[in-house]
Each structure stands twice: as structure tokens, then as C-alpha cells.
Amino acid sequence: MIEKTLAKRYAAALLRVTDQEGTTAEVEQLLLALKEAYLSDKAFRSILAQPRVPKSLKRTLLRKAFEGRAKPSFLDFLTLLVDKNRQDILPDIADMFDRLADASKGVVRIKVRSWRPLSAPHQASLRTKL
């Protein structure tokens with residue numbers, strides 16, 4: 001529960017910065033890619049989680065992965081996470097940033113369930129109504 005609260009605070013702070021820079025969509029993609037790498041690559045996750053690995057190496061690893069593709073503010077954000085030992089909540093931050101970015105754009109995501117497949121006209125009607 002505490003991790004979710006922290007993730008929301010970090011995501012909200014990052015969103016404020018990206019809104020000012022106009023890079024919200026770009027950072028959203030980078031965070032989701034980082035989340036995917038974190039969850040799918042055990043070696044990457046282990047390096048970030050290992051307390052014996054120096055913070056300087058963790059910072060370098062994250063910065064090099066995004067150097068040339070991300071704004072300095074995003075790289076600074078990753079450095080801050082390592083400095084505060086919060087790199088373990090990266091997936092939660094990415095999810096929360098995604099939600100907050102959608103909310104700031106007025107996007108609402110929905111999931112429709114039906115006991116049978118909807119026909120094309122029904123799908124079109126549902127999209128129009130929503």
C-alpha cells in the first residue's frame with residue numbers, strides 16, 4: 001500500500017514536469033518500456049535490487065539506456081529514484097503515470113464484457129455512445 005502511495009507521488013511530480021515541457025506522451029512511452037524491461041528481464045531487475053551494486057552503477061545503467069532518447073529531466077528523475085532507493089517501484093510509477101496522464105488528457109479507459117461477441121454495428125454504436 002505504501003508503495004502505491006509513493007508511486008503516485010513520484011508519478012504526479014513527474015507529470016507536472018512533463019506537462020510543462022510538453023513531453024508527457026514521450027515520457028509515458030519511456031516509462032512503460034522501462035516497466036516492461038524491469039518485469040521481463042530478471043538480470044536487470046536483480047542489478048537494480050541488489051544493495052551491493054553501487055548506486056553510481058545503477059544510475060549509469062539507467063541513464064545509458066535512455067541517453068539520447070530522453071530529456072534530461074527524465075534522466076534526472078531516474079537518478080532521483082536510485083538515490084532514494086525507489087527503483088523497485090518503477091512498475092507502479094509507470095502504471096500510475098499512465099493513469100494520471102490519461103486523466104489529465106480527459107481519457108477514460110473502459111473494458112466492455114459481453115456474453116457473446118458483439119457485431120460490428122453494435123461495436124460502432126457502443127463507441128459512439130461512449
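**Close-up views of a helical core**

**View 1. Helix α6 and its cover.** Among the elements covering the buried residues of α6 are α1 (2-21), α2 (24-40), α3 (42-49) and α5 (72-83). This is a predicted model, in which local features need pLDDT of at least 70, side-chain atom pairs count only at pLDDT 80 or more, and totals for chains, interfaces and linings use all residues. Residues are numbered from 1 along each chain as its sequence is written, and side-chain values use heavy atoms, leaving out hydrogens and water. Helices are DSSP runs (H or I, at least four residues), numbered from the N terminus. Look in α6 for L90, P91, I93, A94, M96, F97, D98, A101 and D102, which are buried (under 20% relative accessible area, 1.4 Å probe, protein chains only). Just past the helix, G106 takes a positive phi of about 80°.

**View 2. The two sides of α2.** Here T24, V27, E28, L30, L31, L34 and Y38 are buried. They lie on the same side of α2 because they cover an arc of only 165° around the axis, taken from the directions from the helix axis to the C-beta atoms. On the face turned away sit Q29, E36 and S40, which are exposed (over 50%). The buried residues of α2 pack against α1, α3, α4 (55-66), α5 and α6.

**View 3. Around F97.** Leaving aside neighbours within four places in sequence, F97 is in contact (heavy atoms within 4.5 Å) with A11, L14, L15, T18, T24, V27, E28 and L31.

Definitions and conventions. Helices (H or I, at least four residues) and strands (E, at least two) are DSSP runs, numbered from the N terminus.
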